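Me: Got a minute to go through a fold with me? I'd like to talk about the strands and then the rings.

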Amino acid sequence: MSSSSVAGRAEVLDLAPNDVVASTATETGVDLLSYEGSMICVLDAEAGGSGITYAVKLQDSDDDSTYGDLSGAAFTTTTANTALVEKLVVDIDNCKRYVRAVITVAGGSGAGAVSVKALAFPKYG
């Protein structure tokens with residue numbers, strides 16, 4: 001299989017829609033049942049203002065109700081008033097059925113746009 005056909009199979013999942021975040025946000029769960037293999041997650045956070053930091057992590061759940069932190073799936077906490085773009089690779093086969101992003105805002109006052117997108121590959125079949 002050529003690399004272009006593999007890339008063409010990828011679907012974009014919106015784990016945290018682009019939004020201005022001024023306080024802690026827990027996003028809606030995304031169902032991973034139809035996906036397999038590695039999922040590439042990308043955090044895009046703009047500078048949030050004087051003293052503002054963002055700590056972004058992923059959580060997973062069997063039932064889209066009770067969530068726990070997904071091991072190894074936390075982005076680097078942003079430095080105050082500094083933008084950050086970072087990727088994480090998550091093995092879907094080691095996740096529970098649902099995954100969501102949790103954005104914790106700390107320090108100072110202000111807000112900035114934050115998003116988390118993922119590229120995931122549908123199961124063959």
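What follows is a quick chat about strand pairing and ring contacts.

Me: What kind of model is this, predicted or not?
Reply: It's a predicted model.

Me: OK, what's the strand order in the open sheet?
Reply: The order is S1-S9-S4-S7, so to speak reading across the 4 strands, and the pairing is antiparallel.

Me: Which strands stand at the edges?
Reply: Strand S1 (11-21) and S7 do. Each has a single partner strand, so one side of each is left without a neighbour in the sheet.

Me: And how much twist from one strand to the next?
Reply: The average is 10°.

Me: How many bridges join S4 to S9?
Reply: There are 8, between residues 35-45 of S4 and residues 112-122 of S9, and the two run antiparallel. Val-42 has Lys-117 as its bridge partner in S9, and Glu-36 is partnered there by Phe-121.

Me: What about S4 with S7?
Reply: That pairing is antiparallel too, with 8 bridges to S7 (residues 84-91). Ile-40 is opposite Val-89 in S7.

Me: What holds paired strands together in general?
Reply: Strands of a sheet pair through backbone hydrogen bonds, parallel or antiparallel.

Me: Switching to rings: how many aromatic pairs?
Reply: The count is 0, with ring centres having to lie within 6.5 Å to pair.

Me: Which ring does the charged end of Arg-9 sit over?
Reply: The ring of Tyr-124, at 4.0 Å from its centre.

Me: And Arg-100, where does that one lie?
Reply: Arg-100 is over the face of Tyr-67, 3.8 Å from the ring centre.

Methods: Residues numbered from 1 in each chain as written. Predicted model: local features only at pLDDT ≥ 70, side-chain atom pairs only at ≥ 80, totals over all residues. Heavy atoms only, no water. Pairing = 2+ DSSP bridges. Axes fitted to C-alpha atoms, helices over the stretch in contact; angles between N-to-C directions. Phe/Tyr/Trp six-rings, centres within 6.5 Å; stacked < 30°, edge-to-face > 60°. Lys NZ or Arg CZ within 6 Å of the ring centre and 35° of its normal.
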